Amino acid sequence: MNEIINYFSTIPSLHRAFILAGGIAFFWLIETAVPLYKFNYNKWQHAGINIFFTVTTILVNFCLALFLLKAADWATLNHFGLLNWLPEFNICFYTIVGLLLLDLIGAYSIHLIEHKVKFLWRFHLIHHTDTWIDTTSANRHHPGESVLRFIFTTLGVLIVGCPMWLVFLYQTLSVVATQFTHANITLPKKLDKILSYFIVSPDMHKVHHHYVLPYTDSNYGNIFSVWDRLFGTFKTLDRDKLIYGVDTHMKAEENNKISNLLVIPFQKRRSPNY
């Protein structure tokens, strides 16, 4: 465990970039060989759009990284936050509790809020406009949403009171987990169901990308599935009934142009039958 702590305390930016790119490449190869759905699309063009938004997310996080570092250092030095108020316990248990709390506050909570607050939904909507969900869809976030998620991540770090190595560990696991759950791959149904009791599985998350309510407003989990089950936001849907997208923005010519996707949050709000 000490080796893990030491590594993530000083993880080089190059390693983080390699994990991001390596994960996309790994799942890209698998879904190309054995896809869940055979989409009629230009895979490279689709990837280009989503990688553009991945890059903007990286840039936002890079520009604001100092605030996250300062928050983690302040919480550690001042013994502030839930982890610092708990009695001392095994480092492995400490890590699991920290990851769970970061997942709840920094991921599940903001995701749910984005679906419930109309102004925030306008930005998160870009993620749901993707009608061809694959591993590149994982980081399809409007720059405005990237800022919002960064703010909640920082709040999560302060409330949880976790050191920076735990933040880096969570972010690394999060990158791989979201690439996995968005990948256009299929697992045996029994295996997927078993996984969904512990972590967000591909089938579980893809329900969240079904184009109509109430499925769109379900399965908000990022890494761990416990929060959806605990707070009653867990739903299931057969694979053969899935239709990706969001019912207010189903036109391919709109959802596959970066210029339009960037301005969707500022366009007139639409009804499902626009």
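## Helix α7 and its surroundings

The expected span of a helix is taken here as 1.5 Å times one less than its number of residues. In this predicted model, helix α7 comprises the 18 residues 143-160 and should therefore span 26 Å, and the 25 Å that separates its end C-alpha atoms agrees with this expectation. Directly after α7 comes G161, which has a positive phi near 75°.

The buried residues of α7 are E145, S146, L148, R149, F150, T154, G156, V157 and V160. Their packing partners are the helices α3, α4 (82-85), α5, α6 (118-128) and α8.

## I110 in helix α5

Helix α5, which covers residues 91-116, contains I110. Because its relative accessibility is 0%, and buried means under 20%, I110 counts as buried. When residues up to four places away in sequence are set aside, the contacts of I110 are with I105, R149 and F152. A further relation across the chain is that between I110 and T153, which are 43 residues apart in sequence while their C-alpha atoms are separated by 8.8 Å.

## Helix α2: span and two sides

Helix α2 holds 21 residues, 13-33, and at 1.5 Å a residue its expected span is 30 Å; the end C-alpha atoms are in fact 30 Å apart in the model, so the two values agree. The residues of α2 that are buried are L20, G23, I24, F27, W28 and E31. Because these residues cover an arc of only 125° around the axis, they are placed on the same side of α2. An α-helix has 3.6 residues a turn, so residues three or four places apart point the same way.

Which residues are exposed on the other side of α2? They are L14, F18, L29 and A33. The buried residues of α2, for their part, pack against α3 (43-77) and against α8 (164-182).

## How α2 packs on α8

A pair of packed helices is described by the angle between their axes and the distance between the axes. For α2 and α8 the angle is about 15°, and the axes lie 9 Å apart. Since angles under 35 degrees count as roughly parallel, α2 and α8 are therefore roughly parallel to each other. The crossing in which α2 passes α8 is right-handed.

On the α2 side, the residues that meet α8 are R16, I19, L20, G23, I24 and F27, and their counterparts in α8 are F168, Q171, T172, V175, V176, Q179 and F180. L20, G23, I24 and F27, which appear in this contact, are also among the buried residues of α2.

## Backbone features in the loops

Two residues that are not glycines have a positive phi of about 50°, namely H79 and N219. H79 belongs to the loop between α3 and α4, whereas N219 is found in the loop between α10 and α11. Is each of these residues buried or exposed? With a relative accessibility of 54%, H79 counts as exposed, because the cut-off for exposed is over 50%. N219, at 1% relative accessibility, counts as buried.

The loop between α10 (202-208) and α11 (226-230) also contains P214. The peptide bond that leads from L213 to P214 is cis, and its omega is near 5°.

Terms used. Residues are numbered from 1 along each chain as its sequence is written. This is a predicted model: local features need pLDDT of at least 70, side-chain atom pairs count only at pLDDT 80 or more; totals for chains, interfaces and linings use all residues. Side-chain values use heavy atoms; hydrogens and water are left out. Helices (H or I, at least four residues) and strands (E, at least two) are DSSP runs, numbered from the N terminus. Buried means under 20% relative accessible area, exposed over 50%, partly exposed in between (1.4 Å probe, protein chains only). The arc is that of the directions from the helix axis to the C-beta atoms. Contact means heavy atoms within 4.5 Å. Axes are lines fitted to C-alpha atoms, for helices over the stretch in contact, and angles run from 0 to 180 degrees between N-to-C directions. Angles under 35 degrees count as roughly parallel, over 145 as roughly antiparallel, 65 to 115 as roughly perpendicular and the rest as oblique. A crossing is left-handed if the near helix is turned anticlockwise from the far one by less than a right angle, and right-handed if clockwise.
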